[in-house]
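The following note sets out points for a colleague's consideration. Please read it beside the sequence and the coordinates.

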Amino acid sequence: MRELSALTRTLVSTPSHEDESACGDVIESWLREETDAAVTRDGHGNVLARKGEGTSLALVGHHDVVPPDDSQVADGEYVIEERDGRLYGRGAADMKGAVAASMLAFRDADPAGELVFASFVGEEVGGEGARGAIDDGFAPDYAIVGEGSTNYSDADVTDVVVAHKGRRASTVVARGTASHASEPEAGENAVYRACDAVDVIRDLDAPEAEVFGETLAGSVVVTEVEGGSAWNVVPERCEVTVDERTVPGEYADLERVEAVEGVEWVLEQDLPPMGCDDEAFAEAVLDAAARAQENDPKLVTKPHATDAGWLAGAGATCVVCGASEPGEAHTKTESVSLSVLERCYDTYLDAAESWPETE
């Protein structure tokens with residue numbers, strides 16, 4: 001589909017790692033010109049469009065990207081290359097290709113209910129756009145988030161993700177009393193207290209959850225330790241950074257570290273996990289994905305947080321289905337398969353016209 005390739009190239013060529021407004025302008029203008037939908041641009045910079053009536057299904061993406069590698073920019077412009085059936089460039093996989101597929105599917109669909117298109121800003125910095133839209137009342141009944149689900153169960157298969165991990169970033173702060181190292185008993189060693197807290201973390205059970213027979217396992221990992229001021233001073237402060245991958249409904253009991261004297265647990269970031277709560281919807285999207293490709297897609301889980309976590313937390317029933325493959329996003333060789341983008345377009349269009357199911 002040349003139109004899909006051309007639209008993807010247009011979106012990828014529009015810088016959006018510092019300011020998403022130009023790319024938002026492109027999306028908004030296209031929707032106004034190509035559809036009769038009600039198109040809005042909210043105060044956060046998100047682009048939204050609606051058509052049809054009834055139970056709502058949203059096709060969701062984001063048009064912000066992480067900063068490009070030097071090789072992905074030339075003379076201030078994003079570099080785009082097409083070769084061997086793939087489009088290379090910052091944001092091609094994560095996730096402007098899926099946004100383009102969603103735009104075209106939104107335009108072309110005769111929806112079974114209300115069809116919503118949403119492209120958010122600020123996904124790469126904690127879901128700022130999605131959270132803002134939710135705070136403003138954005139509340140679809142169902143959502144297909146176009147993040148990557150290709151090559152999860154097997155090569156050249158675009159699967160349907162029914163659950164993904166979230167991420168909690170936290171800091172364990174241990175405080176003590178400084179003293180000269182020649183008289184350690186005169187102080188309270190914050191590093192020792194931090195080590196005791198790390199022992200607590202090592203004994204914690206990582207949470208697990210099961211969604212439609214698929215198991216999602218979380219993890220808790222200490223990733224950084226920083227403390228002390230000089231080789232001859234008993235440290236009065238030590239900080240330990242903890243990366244926790246969460247699963248739907250379950251969290252590790254990190255607050256237990258506060259049982260150690262002088263230790264405080266500080267939550268820095270909480271990107272929520274997602275678990276689909278309607279198997280019929282997941283199966284309907286899976287059926288659409290199966291009709292769009294020769295291979296057999298599966299219901300799978302995903303290790304990365306997406307805006308589906310925020311939407312699910314607000315009451316939307318979500319799945320994730322998109323063209324990006326593991327290892328493509330955020331790389332200096334980021335690319336997307338054009339044939340897989342066509343597959344995603346077919347999946348989104350089919351799902352929009354068949355869900356919600358009517359008797």
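**Notes on the predicted model**

1. P356 is placed in the segment after α8, where helices (H or I, at least four residues) and strands (E, at least two) are DSSP runs numbered from the N terminus. The peptide bond leading from W355 to P356 is cis, with omega near 5 degrees.

2. The model is predicted: local features need pLDDT of at least 70, side-chain atom pairs count only at pLDDT 80 or more, and totals for chains, interfaces and linings use all residues. Residues are numbered from 1 along each chain as its sequence is written, and side-chain values use heavy atoms, with hydrogens and water left out.

3. The protein chain is divided into domain 1 (1-165 + 273-354) and domain 2 (166-271); such bounds come from an automatic or database domain assignment. Between the C-alpha centres of domain 1 and domain 2 the distance is 36 Å. Their contact (heavy atoms within 4.5 Å) takes 19 residues from domain 1 and 14 residues from domain 2.

4. An unreviewed UniProt entry lists residues 162-251 as "domain: Peptidase M20 dimerisation". UniProt positions are given in the numbering used here, feature names are shortened, and annotations may be inferred rather than shown by experiment. In the model, the span 162-251 is 14% helix and 49% strand, and its end C-alpha atoms lie 19 Å apart.

5. The largest nonpolar core holds 61 residues, of which I27, L31, I144 and F281 touch the most other members. A nonpolar core is a set of buried Ala, Val, Leu, Ile, Met, Phe, Trp, Tyr and Cys residues joined through side-chain atoms within 4.5 Å; buried means under 20% relative accessible area, exposed over 50%, and partly exposed in between (1.4 Å probe, protein chains only). Helix α3 (residues 92-108) supplies the largest share of this core, 10 residues. At least three residues of this core come from each of domain 1 and domain 2. A second, separate core has 22 residues, among them V60, A118, M274 and C318.

6. Which residues does I144 contact, leaving aside its neighbours within four places in sequence? They are L57, A58, L59, V60, F281, V285, V319, C321, Y348 and A351.

7. F281 and V285 also belong to the buried residues of α6, together with A282, A284, L286, A288 and A289. The cover over the buried residues of α6 includes β3 (56-62), β9 (142-145), β10 (160-164), β20 (299-302), β21 (317-320) and α8 (338-354). At the N-terminal end of α6, D278 acts as a cap, with a side-chain oxygen 3.0 Å from the backbone nitrogen of A280.

8. The length of α6 (residues 279-291) agrees with expectation, because its 13 residues at 1.5 Å a residue should span 18 Å and its end C-alpha atoms are 18 Å apart. The expected span is 1.5 Å times one less than the number of residues.

9. In helix α4 (residues 128-135), the buried residues are G129, A130, G132, A133 and I134. These buried residues of α4 pack against β8 (114-120) and α7 (307-313). G137 follows α4 and has a positive phi, near 110 degrees.

10. Is E334 buried or exposed? E334 counts as buried because its relative accessibility is 1%. E334 is placed in the loop between β21 and β22 (335-337). Leaving aside neighbours within four places in sequence, its contacts are Q72, L87, Y88, G89, R90, G91, A92, A93, D94, E328 and A329. The E334 side chain reaches the backbone nitrogen of D94 at 2.9 Å. That is a polar contact: a pair of N or O atoms within 3.5 Å, where within protein one must be able to donate a hydrogen and the other to accept it, and residues adjacent in sequence count only if both atoms are side-chain atoms. The C-alpha atoms of E334 and G187 are separated by 52 Å, with the two positions 147 residues apart along the chain counted as their offset.

11. D94 is joined to M95 by a cis peptide bond, with omega about -10 degrees. M95 lies in helix α3. A reviewer may wish to look at this bond alongside that of point 1.

12. Two residues that are not glycine have a positive phi: D156, at about 55 degrees, and H330, at about 70 degrees. D156 lies in the loop between β9 and β10 and counts as partly exposed at 41% relative accessibility. H330 is in the loop between β21 and β22 and is partly exposed, with a relative accessible area of 42%.
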